[in-house]
Amino acid sequence: MNIQFMNVVVVLIEQRITPFANMLTRSQHITAMRDSFALAMPFVIVGSLMVPLIFPPVSIDPFSWFGGYYQVIRPMLLPTFDLTIGLVALIIAFGASASLAKQYQLPERLSGLTGCLTFLLFIGFKTTDGNNVFLGGLGIFSALISSFYSIEVIRLFYRKAWCIRLPDEVPVMTRNGFQLLVPLLVVMLSITAVNITLKLTTGMILPNLISEAFRPLIIASDTLTAILISLIICNLLWFVGIHGALIVTGIMNPFWMTYLFENQQALASGQAQLPHIYLQGFWDFYLLIGGIGSTLPLIFMALRSRSRQLKSVGKIGFIPSLFNINEPILFGFPVILNPIFLIPFIFVPAINACIAWYLTHLGVLDRAVAMLPWSMPSPLGAAWSANGSWKNMFMCLFAFFNSWMIYRPFFNVYERQLMDAESK
């Protein structure tokens, strides 16, 4: 493939894909989804850190002295896990409602609390046994739908002035509270009416129907095809300077969180094989080694480069790339809009994805059960996210070696071009 053809491809990406990507980036509901998962992330990470302690990767003899202490300590650790992972949908309901309300210039805190109450009513919070599966990962889609519905109703009532308005002399919180009364009542009564109708006609409430409706999409999203599509879209957008990861992760986060919850449930029940492969740990630590495009090998090549430009960029980008931050490389080489790097930038992570997927599908690699910060160094993150799997760590190291071998000839071509320019 020559440089002229790759330039044509770059132009086509800019003309055809960029406008659609910009539209998604500006979408208020996509932004609210992204903000809600960012809000929930620290709680999910803390809960995930409990997984190796509550469900240890090695067997513990309950009759040993350590096993005796462990049996005492384990019940004390469970509440931290239950109140983070177990309530993630409620946290997302608050975050999505508050974020969307902020974009509509509505009261954020009141709107966030409204979203929480709407979600609890939506899932039929009061149950006979005191538990509700929709408070965790299974309720994420219900949390988003109920939050968006409540905020859109509030926005409509505010815009049409169908609410109680008090004089400006009244304190702001009191004024906002009275203004919310009518739309809040409408939201609550409408959801109650829908749940009663569905309960009488189908025997289920709306979240049950939503879960059944999304089940085929959830299954389809945990496939190699879904990985490759999301990967290619993300990298193509990044190649023309658009933060494609914001769009892809914003769409995939509800699925990833659901997969994480189901994998943790399977781990807790002692299943031999966990149900899902394509979790955020797979995305972060197999496909983003050193950042988008798995560009960490380029750093080590640049540090030994004879080009002054590449060597200086390598020195600047070395430490950030170890923590999967590769903007110095993307904009300093540059990789973005550089036709020489178009092929490896897209196909390096795609090839690694295929290898990791099939090895995981065959049971050679372990499946993720924890969410970790994306900035964790990839080999360590690959192991820790799969409950301390050394096999996943070696797969990440192999992916790094594979990336090095594919990037190397393209790097050599670009290095020669820069050296010719520098010598003149």
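Among contacts in the protein chain between residues at least 6 apart in sequence, what percentage join residues at least 24 apart? In this predicted model, the share is 74%. The protein chain has 18 helices and zero strands. Its C-alpha atoms fill a box of roughly 75 × 65 × 40 Å, taken along the principal axes.

The chain has 424 residues, and 48% of them count as buried. The accessible surface comes to about 20100 Å². Carbon and sulfur atoms account for 69% of that surface.

Helix H10 covers residues 224-239. At 1.5 Å a residue, these 16 residues should span 22 Å. The end C-alpha atoms of H10 are 22 Å apart, so the expected span and the model agree. Many positions of H10 can be named as buried, including Leu224, Ala226, Ile227, Ser230 and Leu231. Towards the end of the list come Cys234, Asn235, Leu236, Leu237, Trp238 and Phe239, also buried. In general, an α-helix has 3.6 residues a turn, so residues three or four places apart point the same way. Glycine 241 follows H10. The phi of glycine 241 is positive, near 95°.

Helix H4 spans residues 65-84, and tryptophan 65 lies in it. Is tryptophan 65 buried or exposed? Its relative accessible area is 68%, above the 50% cut-off, so tryptophan 65 counts as exposed. Trp65 also belongs to a nonpolar surface patch of about 750 Å². The other members of this patch are Phe66, Tyr69, Val72, Ile73 and Met76.

Note on methods
Residues numbered from 1 in each chain as written. Predicted model: local features only at pLDDT ≥ 70, side-chain atom pairs only at ≥ 80, totals over all residues. Heavy atoms only, no water. Helix = DSSP H or I, 4+ residues; strand = E, 2+ residues; numbered from the N terminus. Expected span 1.5 Å × (residues − 1). Buried < 20%, exposed > 50% of the residue type's maximum accessible area, 1.4 Å probe, protein only. Patch = residues over 30% accessible without salt bridge, like charges linked within 9 Å, V, L, I, M, F, W, Y side chains within 5 Å. Areas by Shrake-Rupley, 256 points an atom, 1.4 Å probe, with all protein chains shown as cover. Salt bridge = Lys/Arg side-chain N within 4 Å of Asp/Glu carboxyl O. Contact = heavy atoms within 4.5 Å.
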